[in-house]
Amino acid sequence: MNIEEKLIQAVIKAIHALYEQDVTAEQVQLQKTKREFEGHLTLVVFPFLRISKKKPEVTAQEIGEYLIQNEVAVSKFNVIKGFLNLTIASGAWIELLNSIHGQEKFGLTPATESSPLVMIEYSSPNTNKPLHLGHVRNNLLGVALANIIAANGNKVVKTNIVNDRGIHICKSMLAWLKYGNGETPENSGKKGDHLIGDYYVAFDKHYRAEVKELMAQYQAAGLNEEEAKAKAEKESPLMKEAHEMLVKWEQNDPEVRGLWARMNEWVYAGFDETYKALGVTFDKIYYESNTYLEGKDKVQEGLDKGFFYRKEDNSVWADLTEEGLDHKLLLRGDGTSVYMTQDIGTAKLRFQDYPINKMIYVVGNEQNYHFQVLSILLDKLGFEWGKDLVHFSYGMVELPNGKMKSREGTVVDADDLIEKMVDDAKQMSADKINKLTGITEAEANEIARVVGLGALKYFILKVDPRKNMLFNPEESIDFNGNTGPFIQYTYARIKSVLRKAQEAGLSIPEALHTEVELSEKEEGLIQLLSEFATTVKAAGKEYSPSTIANYCYDLVKEYNQFYHDFSILREEDENKKIFRLTLSANVAKIVSLGMGLLGIEVPERM
C-alpha cells in the first residue's frame, strides 16, 4: 500500500470517528501540495462539509489533528482555507522507497489468463515506396502504445496491414518492366523498398511527360486547357497499361502475379531492415491482397440482411444518415473494393484469429471520418468491439525547411533520417565518448546508435500525438533540456556512480533502515518515484505516450538537482550514503522502465 492509499484509508476512518458517517475512497481527493505551501500531499476538505456541518478551516483542523494522533505517516499539517496540507514523516518515505526498491518492475502490471486482449494496428505501409517520416511517427506511437497498454495488465497483439494491391503497385511494376533493365536489389546494391520507390517515381515522371505531350496535341485541335488535360489523363497509354495490369492481377494472371510477388518480397526485405533499426515488431501481419475479398463477402452479408443497399449502377452503399453521417460507398459498380471494404475484411480475419476485446487503430487524423464510419459498420455487422474501437488519431510531423532532402523532394525517407540521427549523435557525443576509458570503436558506435535513435524517438513521443509537430534533428540531440540524450546521460551518470560504489566495496541492501533523516529534496524524489505507477495508469487510460516521456524528464531533472546539491560517495554519514545510493539506483530503474515503455534504450556508459 503506497502513502496515498494509506492516507485515503486514514481519512475514511477520521470521517467515521469524527462525524459518524462513512465515505468512499472515491470521495477522498488527495493531490500533490503546491510548491508555495509546506507539505507533500493536500486533502481537499470541501466534499466533507455537508457531513461535518462546520466551516472548511474547522473541518480541516479536526481531520488534521485526528491524523497526527492516529496515522504515523503524518508528521505535521497546516490548513489553508478548505485545504489540509499534510507533511509525511521521513520513516514513511523510506518505507515507500523500500517498497519501490523491492519491485523489479515497479508500476507495471503483468497480464493474466483472464486479462482483456487489445489488438493494436500500426505502420500500414504501401508496397510502392519506402517508409517515410510520417511512418516513423506512426510506428513509434504504435510500439509505445502497445508497451503502455501491456504495462496496464492487458494482453496485447501488435498487427500491421500492408497495402500490397491496387493501381499504385501496378505503376511501379510497369515502370520496372519498361525501364528497369533487370535491376534488382542484389545487382544494384539498393534496398528493395527504395528500388521499387524509384520506379514509382519513374512512372510518374514518364506519365507527366506523356500527359503534357497529349495536352499539346488536344489544345492544338481546339480543346481548352482543362478539357485537354482531362482527355490526356484519360487517354494516356501508360496509365491504360497500368489499369490493364491491375485487371490481370485481379484475374490471377500468373505472369503479373509472379512479378508482383517478386517485387513485393524486395520491398518487405527493405521494410524489415527499417523496422529492425527502429526496434519495431509485429505479432501478425495482414495483407490487403488477402483481406479485400473477405471484405466483399461481409458487404454481401450486410446487403443480404438489409444493412446496405445497391444502386442502379450496381454499386453498394451504406445509409448512415440516422447516425448523423452521409451515404458511404462500399463496393464500386464494377465490383471492385474500396479501403472501407478492405478494413471490414481485415476485421473479419482478425476476429477469427484472436478473441479481441478492444481494437486500436494508429492512423493519422486525416482518417478521422473513415474510422467513425468503420466503427458504425463493424457494429452493424456484429463485431463485438466495433462500436468501441479506438482510432488513435495523430497529427502530421514535418522537418524544418532545408534540414533534409528526400529522393522525391517531397517526403523524408525513414532510412535517411535514422542514418542522419546516428551520425549526428556520433559527432555530438564524440568528446564524451572519447573520455571513456577502454572503449572500443564498436562500443562507441553502439552508444551513438542508442543515443541517435533515443533522440529521434523521444523528441517525437514527448509531443501530444494529436498535435502536428516539427521535428528538429539538431534540437532533439541536445544533451540539455527535454531531450532523449539528456535522460540517457542522467541514467549513464547514475550507473557510473553505482559502479564506483561497487569498486569501493559498497553494496545496496535489500531494505533500508528507517531512521535516516531526509532532506526535502530527497523526500520529493521518492514521492516522484512513487508517482510512476499512477503515471503508467494515466498513460494507459488516456492512450498517451507523452505522459510517460514528460514524467521521465521531470524525474531526471529533479535527480540532477539532487546530484548537484548533495554528496553521494563522499557523504560521511554511512546510512545517508547507502540511502542515496539506493535512491539513485531506483531512479535509474524507473528511468529504464519508463524509457523502455517508449521503446527507447538507455546506455550503461555514455
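**A small sheet, two cores and some aromatic pairs**

In this predicted model, W317 sits across from L329, a residue of strand 10. That facing pair is a handy way into the sheet around it. Strand 9, which covers residues 316-319, runs antiparallel to strand 10, and four bridges hold the pairing together on paper. The full sheet is open and has three strands, ordered 8-9-10, with antiparallel pairing. Strand 8 (308-310) and strand 10 (327-331) each have a single partner strand, so they form the edges, and one side of each has no neighbour in the sheet. On average, and with direction ignored, neighbouring strands here are turned by 35° against each other. A helix packs on this sheet as well: helix 12, residues 288-304, touches strand 8, strand 9 and strand 10. Its direction makes about 90° with that of strand 8.

Moving on to nonpolar packing, the largest core counts 158 residues, and within it L456 and F471 touch the most other members. Helix 22 (residues 574-597) supplies the largest share of this core, with 12 residues. A second core, separate from that one, has 34 residues, among them M340, F371, L378 and W385. What does F471 touch, leaving aside its neighbours within four places in sequence? Its contacts are V397, E398, L399 and P400, then L417 and M421, and finally L456, F459, I460 and S476. L456 thus turns up twice, as a contact of F471 and as one of the two residues touching the most other core members.

Aromatic rings come next. Across the whole structure, the search turns up 20 aromatic pairs. In one of them, Y559 and F562, the ring centres lie 5.5 Å apart and the planes meet at 55°; because planes count as edge-to-face only over 60 degrees and as stacked only under 30, this pair is classed as tilted. The two residues are three apart in helix 21 (residues 545-565), so about one helical turn separates them. Are Y559 and F562 buried or exposed? Both are buried. Elsewhere, ring pairs join Y122, F271, Y275 and F282 into a cluster.

Cysteines give a shorter story. The search of the whole structure finds zero disulfides. C170 is buried, at a relative accessible area of 2%, and C552 is buried too, at 1% relative accessibility; both calls follow because buried means under 20%.

Two further buried residues are worth a look, one in a loop and one in a helix. A73 is placed in the loop that runs between helix 3 (56-70) and strand 3 (74-80). With a relative accessibility of 2%, A73 counts as buried. Not counting residues up to four places away in sequence, A73 touches T87, I88, A89 and A92. As for R137, it is 64 residues from A73 in sequence, and the C-alpha to C-alpha separation of the two is 44 Å.

Q488, in turn, belongs to helix 19, which spans residues 484-503. Its relative accessibility is 0%, so Q488 is counted as buried. Which residues surround Q488 in contact terms, once neighbours within four places in sequence are left aside? The contacts are V450, V451 and G454, together with M595, I600, E601, V602, P603 and M606.

Notes
Residues numbered from 1 in each chain as written. Predicted model: local features only at pLDDT ≥ 70, side-chain atom pairs only at ≥ 80, totals over all residues. Heavy atoms only, no water. Disulfide = S-S within 2.5 Å. Buried < 20%, exposed > 50% of the residue type's maximum accessible area, 1.4 Å probe, protein only. Core = buried A, V, L, I, M, F, W, Y, C linked by side-chain atoms within 4.5 Å. Contact = heavy atoms within 4.5 Å. Pairing = 2+ DSSP bridges. Axes fitted to C-alpha atoms, helices over the stretch in contact; angles between N-to-C directions. Phe/Tyr/Trp six-rings, centres within 6.5 Å; stacked < 30°, edge-to-face > 60°.
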